[in-house]
Amino acid sequence: MLILRKYLETCGCEPDLIALIRVIARQMETIRKAFLENQTFEKTQNPSGELQTQMDVWADEHLIKVIGESGLVRELASEEQADIVRFENSRTEYCVVMDPLDGSSLISTNLAVGTIVGIYDSGGVLQPGSKLRAAFYTLFGPLTVLVVSVGKGVQSFAWDQENEHYLLLRTGITVPEGKQYGTGGLRKEWLPEHIKVIDYFDENGFKIRYSGSFVADCHQLLTYGGIYSYPGSKKNPDGKLRLLFEANPLGFIITQAGGRITDGKRNILDIVPEKQHQTTPIYIGSKGIIEKIEEIFSSSSIF
Ligand code: AHG
Ligand code: MN
Ligand code: MN
């Protein structure tokens with residue numbers, strides 16, 4: 001059966017990129033084991049002002065240590081770090097953006113959470129998502145799944161604990177035109193455009209699926225299609241989710257699977273980031289539905 005390393009080799013990835021993806025991917029078993037002892041919240045906040053869980057801190061520290069020691073990364077930006085981390089000893093120019101643990105408020109409920117990673121060839125972490133060299137995420141569900149794109153479609157793998165390999169699960173994954181949606185935010189804070197989008201879903205027989213874990217909710221898109229959204233609101237017009245660590249890597253993967261990502265007006269992958277913890281409204285999923293959402297946004301702004 002095809003394993004992750006072989007797949008990356010057949011894609012023509014350079015050995016250092018393969019080594020980098022593998023060294024991070026191989027930490028997932030260690031992270032999974034750490035859940036047992038790290039079930040609650042810390043008293044500290046992350047740079048976005050959110051209460052950190054023990055696992056946010058644990059996974060962040062662990063991954064930064066391993067990535068630093070690998071000598072394969074020049075620059076790293078993490079959702080849990082106020083500043084960009086530079087590794088002077090690196091022998092490559094790869095730059096990594098990561099959400100060490102996404103959906104972490106769900107850890108104590110044992111719902112699915114995961115790790116999100118984006119890799120740029122060089123040039124720092126403040127680059128548009130369209131320039132990503134590779135992106136992948138892992139999902140801790142019944143299986144530890146890894147979904148990766150190196151710009152040649154999207155493949156998923158599952159961790160085989162016995163043989164210590166990621167085995168190919170699905171190849172050439174595409175996002176179908178599904179009829180389900182999830183939305184974050186408070187209804188009373190929604191902006192008129194988002195209300196119209198939700199009305200469209202309700203009037204057209206869409207069903208609701210929203211867990212509170214972006215990575216898990218996006219993973220569903222690869223099977224059922226539909227939309228995940230976290231809109232801009234009256235209080236936070238730029239939404240909640242982070243451009244670098246969440247929107248771009250997932251947007252890259254979903255786009256590679258034939259889906260799309262938008263903030264309502266533009267392809268999020270085209271946004272040039274101004275700062276590390278910048279947020280953006282997000283609509284991600286089936287291509288046809290994203291087109292409809294952009295149509296709703298453009299017709300709303302005329303009136
Ligand atoms: P994180 O756990 O990395 O802070 O991300 C949480 C994000 C995302 O995973 C999820 O979809 C969303 O925040 C949930 O927010 P609400 O609790 O406001 O719905
Ligand atoms: Mn997150
Ligand atoms: Mn996180």
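**Close-up views of the ligand 1 and manganese sites**

**View 1. Strands in the shell around ligand 1.** β5 (95–102) and β13 (227–230) each supply at least two residues of the shell around ligand 1. β5 gives the most, with three residues. The model shown is predicted.

**View 2. The residues around ligand 1.** Ligand 1 has 17 residues around it. D102, G103, Y210, Y228 and Y230 come nearest. By type, the shell holds seven charged, six nonpolar and four polar residues. Two domains contribute to this shell: domain 1 (4–170) and domain 2 (180–298) each provide at least three residues.

**View 3. Polar side chains at the oxygen atoms of ligand 1.** Look for three side chains here: D99, K240 and E246. An N or O atom in the side chain of K240 sits 2.9 Å from an oxygen atom of ligand 1. For D99, a polar side-chain atom is 3.0 Å from a ligand 1 oxygen. For E246, the distance from a polar side-chain atom to an oxygen of ligand 1 is 3.3 Å. On its own, ligand 1 has 470 Å² of accessible area, and the protein covers 81% of that.

**View 4. The manganese ion (ligand 2) and its donors.** Three residues act as protein donors: D99 (OD), D102 (OD) and E246 (OE). They lie 1.8 to 2.1 Å from the ion. Along the sequence, their spacing reads D-x2-D-x143-E. Both D99 and D102 are buried.

**View 5. Two manganese ions and D99.** Ligand 2 and ligand 3 are manganese ions 3.6 Å apart. D99 coordinates both. A polar side-chain atom of D99 also lies 3.0 Å from an oxygen atom of ligand 1.

Key. Residues are numbered from 1 along each chain as its sequence is written. Chains are lettered from A and ligands numbered from 1 in the order in which they are written. This is a predicted model: local features need pLDDT of at least 70, side-chain atom pairs count only at pLDDT 80 or more; totals for chains, interfaces and linings use all residues. Side-chain values use heavy atoms; hydrogens and water are left out. A residue is near a molecule or strand if one of its heavy atoms lies within 4 Å of it. A polar contact is a pair of N or O atoms within 3.5 Å; within protein, one must be able to donate a hydrogen and the other to accept it, and residues adjacent in sequence count only if both atoms are side-chain atoms. Accessible areas come from the Shrake-Rupley method with a 1.4 Å probe; for residues, only the protein chains shown count as cover. Helices (H or I, at least four residues) and strands (E, at least two) are DSSP runs, numbered from the N terminus. Ala, Val, Leu, Ile, Met, Phe, Trp, Tyr, Cys and Pro count as nonpolar, Asp, Glu, Lys and Arg as charged, and the others, Gly among them, as polar. Domain bounds come from an automatic or database domain assignment. Donors are N, O and S atoms within 2.8 Å of the metal (3.2 Å for Na, K and Ca); water is not among the atoms, so sites may look incomplete. Buried means under 20% relative accessible area, exposed over 50%, partly exposed in between (1.4 Å probe, protein chains only).
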